[in-house]
Amino acid sequence: MLSETHIEIAKNALDKARTIALTYFNNPGILKNEFKDIKTLVDLKMNECLIEELSRTGFPILSEESELQNEIFPECGWVIDPLDGTFNFTRKFPCVGISIAFMENRIPSYGFVKDIFNDITYSCEPNRKANKNGYEMNVSDESKLGNAILATGFPSGSNYETNELLTFISNVQEFKKIRAIGCASLMLCLVAEGIFDVYYEKGIYIWDVAAGLALVQAAGGKYLLKEMSDPFKYEVVASNPLIFRTACQKLTGNLS
Ligand code: IPD
Ligand code: CA
C-alpha cells in the first residue's frame, strides 16, 4: 500500500517529467525509427526523471525504457511508460501521456496518468473513485455495441498480416464508431471518463495500460488482461460493466 508521501512523489514525478517533455517539444531527438516503432531522446530523459523520483519510494520499477532482459514484473512496485504516444509527440498530435501504475500482487491498484498537452492529471487509488484533476469520473452506461465507441490501436509489435487485420475488421464491425488516437493510457482515461465505451488492443505492453486499467476499474469499469506468449505483452479489453461481456466475446472470443 502506498502512503500519502508516495502518492505525492508519483504526482510530482508526472509534473517534472511533463516539464522535460515540453523542453523537447520542437526537437524530440529521434534515436531509432524502425518498422512501426520509434524511440527519441525525450523518452530517455523522461525515463531518467521518473526513475530518479520514484526510486525515493524504495519500490522496484519496471519501465518501458529499462534494460528489459534484466527486469522482472514486480509483485509489488511501479510499472511506468515515461512517454506513451511517442510518434504523436514527434508530430505534435496532442494525445500523449505519461503513465505510472503501482502494482500489488501483480494487479494495477494505483494509476497516475498525465495528459501532457492539456496538463490534465488522472489518478486513482484503492477504494476511492477515479478522478480527473480532482473531479470524480464514471464509466459510461452504454450497453449496446451498436451505440458504442471502441477505442483501439495497432501496437508496434502487433501482427500486421492481412488475415489478422481481416479478423480484426470482422471483430469491430458491430461498433457504432472506432477511434484510434495512438496513446493507450489516454484511451483508457477516456473510457474511465465515460467518453469512450470500450478499449481494445492486442499485443499491447503492460506499461502502456497498467495505470489506465486501474483508472477504468476505479471509475466503475471492468477489464480483461490476457497474457500473450511474449513477456510483458497482453490482449486487453476494458469497458463499462454493462457492455463488458458482449465486448469481450466480440473482440477476443472469450466470455469474461
Ligand atoms: C504506443 C501507444 C499506442 C499503442 C502502442 C504503444 P508508445 O505507446 O500506446 O496507442 O497502440 O502499442 O506502443 O510506444 O508510444 O509508448
Ligand atoms: Ca513509451
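# A walk through the structure, from a calcium site outward

Let us begin at one residue: Asp81 is buried, because its relative accessibility is 1% and buried means under 20%. Keep in mind as you look around that this is a predicted model.

What coordinates the calcium ion (ligand 2)? Asp81 does so through OD atoms, listed twice, together with Glu64 through OE and Leu83 through O, at 2.2 to 2.8 Å. Written as a sequence pattern, the spacing of these donor residues is E-x16-D-x1-L. Glu64 sits in the loop between strand 3 and strand 4, while Asp81 belongs to strand 4, so that this pair links distant parts of the chain, 17 residues apart.

Glu64 has another partner to show you. Lys39 forms a salt bridge with Glu64, and their closest N and O atoms are 3.4 Å apart. Here too the pair links distant parts of the chain: Lys39 lies in strand 2 (residues 37–40), and Glu64, in the loop between strand 3 (61–63) and strand 4 (76–84), is 25 residues away from Lys39. Lys39 is buried, with a relative accessible area of 15%.

Now for charged pairs elsewhere. Side chains of opposite charge can pair when their charged atoms come close. How many salt bridges does a search of the whole structure find? The search finds 14. One of them joins Asp15 to Lys114, with the closest N and O atoms 3.0 Å apart. Because Asp15 lies in helix 1 (residues 4–23) and Lys114 in strand 6 (residues 107–115), this salt bridge ties together parts that are 99 residues apart in sequence. Is each partner buried or exposed? Asp15 is partly exposed, at 37% relative accessibility, whereas Lys114 is buried, at 2%.

Helix 1 also holds Arg18. Arg18 forms a salt bridge with Asp119, and the closest N and O atoms of this pair are 3.7 Å apart. Asp119 is in the loop between strand 6 and strand 7 (120–124) and Arg18 is in helix 1, so their pairing ties together parts 101 residues apart in sequence. Asp119 counts as partly exposed, with a relative accessible area of 36%, while Arg18 is buried, at 17%. Salt bridges that share partners join Asp15, Arg18, Lys114 and Asp119 into one network.

Let us step back and look at the whole protein. There are 7 helices and 14 strands. The radius of gyration is 17 Å, close to the 18 Å that the globule rule gives for 256 residues, so the protein is as compact as a globular protein of that length. Along the principal axes, the C-alpha atoms fill a box of roughly 45 × 40 × 35 Å. Of the 256 residues, 53% are buried. Among contacts between residues at least 6 apart in sequence, 62% join residues that are at least 24 apart.

Finally, turn to the outside. The accessible surface comes to about 11800 Å², and carbon and sulfur atoms account for 48% of this area. Which residues make a nonpolar surface patch of about 230 Å²? They are Leu31, Leu41 and Leu44. Leu31 lies in strand 1 (residues 30–34) and is exposed, with a relative accessible area of 51%. Compare that with Asp81, where we began, which is buried at 1% relative accessibility.

Definitions and conventions:
Residues numbered from 1 in each chain as written. Chains lettered and ligands numbered in written order. Predicted model: local features only at pLDDT ≥ 70, side-chain atom pairs only at ≥ 80, totals over all residues. Heavy atoms only, no water. Salt bridge = Lys/Arg side-chain N within 4 Å of Asp/Glu carboxyl O. Helix = DSSP H or I, 4+ residues; strand = E, 2+ residues; numbered from the N terminus. Buried < 20%, exposed > 50% of the residue type's maximum accessible area, 1.4 Å probe, protein only. Donors = N, O, S within 2.8 Å, 3.2 Å for Na, K, Ca; no water. Rg over C-alpha atoms; globule rule 2.2 N^0.38 Å. Contact = heavy atoms within 4.5 Å. Areas by Shrake-Rupley, 256 points an atom, 1.4 Å probe, with all protein chains shown as cover. Patch = residues over 30% accessible without salt bridge, like charges linked within 9 Å, V, L, I, M, F, W, Y side chains within 5 Å.
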